[in-house]
Amino acid sequence: MEPNFESLCNEAISLIRQTGNFIREERANHPLTIETKGKNDFVTHIDKGSEERLVKGLKTLLPESGFIAEEATSTEKGERFNWVIDPIDGTTNFIHGLSPFAISVALMDAQEVVIGIVYEMGLDEMFFAWKGSKAYLNGKEISVSSRPTVADSLIATGFPYTQYHRMGDFMKTLDHFMRKSHGLRRLGSAATDLAYVACGRFEGFYEYNLNPWDVAAGAFIVQQAGGKNADFTGGNNYIFGKEIISANPLIFDEFLRDIKLFMEEK
Ligand code: IPD
Ligand code: CA
Ligand code: CA
Ligand code: CA
C-alpha cells in the first residue's frame, strides 16, 4: 500500500520532538563526550544517541525503509524508501553552546524527496513539508521572500573545512556578496540556512562540500515554499552533488550567474 506522506510526516515530527527532548536533557545533565572524525569534524555521544532514536522510530513508522544517516548507526538500504538523517546539524555550534542547531530528516522515494523536516532547537522551530503540500513553520504556512535582486538580499553560506583547493574561488564569492548584497551570514547549520530561505529570512544560500543529510530536507522545504535549488552549474544534482544554491525565484538566475563566475569548476 502507498504510504500517506502527510500522516507519515506528522508521525515523524512527533518522533523528532521526542528526540529533541532527549538532546536537551542529555546536554543539560551529562558531560559531553566528543570524538574527532577529521580536522574540525566532531561528533558527540548525543549526535549518536539522537541518530539511534531516529533510526529506530522511523523504521517502526515505515518498516520497508532504509537509511542514509550521517553517523552511520544504520547503513541498511531500502529498495524504494530511504530516510536521510542528520541527527544534529550544527554540531560545532552545539558543542560550544550556540544556536542554531537542528535535526534534519528527509524521506526519499527512489531519487525524489517526499518529506522534509528541519527542527531548529534553539528557537523551537519545526519546518516541514510533504509531497504535494505547502511548506510550514510550527504549523503556519511559509513562503520564500519576494525581494527581487541580489542587492536587496541577505545571503547565507558556510565555510568549508576541507576541499581547500576551492577555497580561493570561494573567498572571491565572499568578497563579491559582501559588496553587492545587504550582507552575508554564516550560521553554522546548513539545514537551518535552507529553512530560513524557505521562510524568507534569507533570500539565498550557497555552500560546497555538503552531504545529502545536510540538504535533502531543507532544500525540499525551500521548493515547497516556492523557491528554487540547483548545483553550481544550474543542474539538479544538489542533494548528492556536494554543492547547492538555493534562493527565491526572483533572484535565482542572477544569484546563480554570480556563483558561476567564481565557483564553476573548469
Ligand atoms: C555542518 C553544518 C555546517 C556546514 C558543514 C556541515 P554538521 O554539519 O551544516 O553549517 O558548513 O559543512 O558539515 O557536521 O554539524 O552536521
Ligand atoms: Ca558532522
Ligand atoms: Ca550536517
Ligand atoms: Ca551532523
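**Close-up 1. Helices α4 and α7 cross in this predicted model.** Here α4 (residues 167–180) meets α7 (residues 252–263), with axes that come within 8 Å and cross at roughly 145°. The crossing is right-handed. On the α4 side, look for Asp169, Lys172, Thr173 and His176; α7 brings Asp258, Ile259, Phe262 and Met263 to the contact. Sorted by class, the contact residues come out as three nonpolar, two polar and three charged.

**Close-up 2. Five strands make up an open sheet.** Reading across, you get β11-β10-β12-β14-β13, and the pairing is mixed. At the edges sit β11 (183–185) and β13 (228–230), each with a pairing partner on one side only. Ignoring direction, neighbouring strands here are turned by 20° against each other on average.

**Close-up 3. Strands β10 and β12 pair up, and helix α5 lies across them.** β10 (residues 154–157) and β12 (residues 204–208) run parallel and share three bridges. To find your bearings, pick out alanine 156, which stands opposite phenylalanine 205 of β12. Helix α5 (residues 190–198) lies across β10, β12 and also β14 (243–247). Relative to β12, α5 runs at about 155°.

**Close-up 4. Strand β4 is mostly covered.** How many of the residues in β4 (residues 81–89) are buried? The count is nine of nine. β4 pairs with β3 (residues 66–69) in the parallel sense, over four bridges. Isoleucine 68 is a handy marker for that pairing, standing opposite valine 84 of β4. β4 also runs antiparallel to β5 (residues 102–109), and seven bridges join these two strands. Isoleucine 85 has valine 105 in β5 as its bridge partner.

**Close-up 5. Domain 1 meets domain 2.** The chain splits into domain 1 (5–142) and domain 2 (150–263). Their C-alpha centres are 21 Å apart. The contact draws on 33 residues from domain 1 and 21 residues from domain 2. Which elements of domain 1 each supply at least two residues of the side that touches domain 2? They are β3, β4, α3 (91–95), β5, β6 (112–120), β7 (125–130) and β8 (135–137). So you'll meet β3, β4 and β5 from the previous close-up again here. As for residue classes, this side of domain 1 has 19 nonpolar, seven polar and seven charged residues.

Notes. Residues are numbered from 1 along each chain as its sequence is written. Chains are lettered from A and ligands numbered from 1 in the order in which they are written. This is a predicted model: local features need pLDDT of at least 70, side-chain atom pairs count only at pLDDT 80 or more; totals for chains, interfaces and linings use all residues. Axes are lines fitted to C-alpha atoms, for helices over the stretch in contact, and angles run from 0 to 180 degrees between N-to-C directions. A crossing is left-handed if the near helix is turned anticlockwise from the far one by less than a right angle, and right-handed if clockwise. Two residues are in contact if their C-beta atoms, placed from the backbone, lie within 7 Å. Ala, Val, Leu, Ile, Met, Phe, Trp, Tyr, Cys and Pro count as nonpolar, Asp, Glu, Lys and Arg as charged, and the others, Gly among them, as polar. Two strands pair if DSSP finds at least two bridges between them. A residue is buried if 20 or more other C-beta atoms lie within 10 Å of its own, exposed if 12 or fewer, and partly exposed in between; C-beta atoms are placed from the backbone. Domain bounds come from an automatic or database domain assignment.
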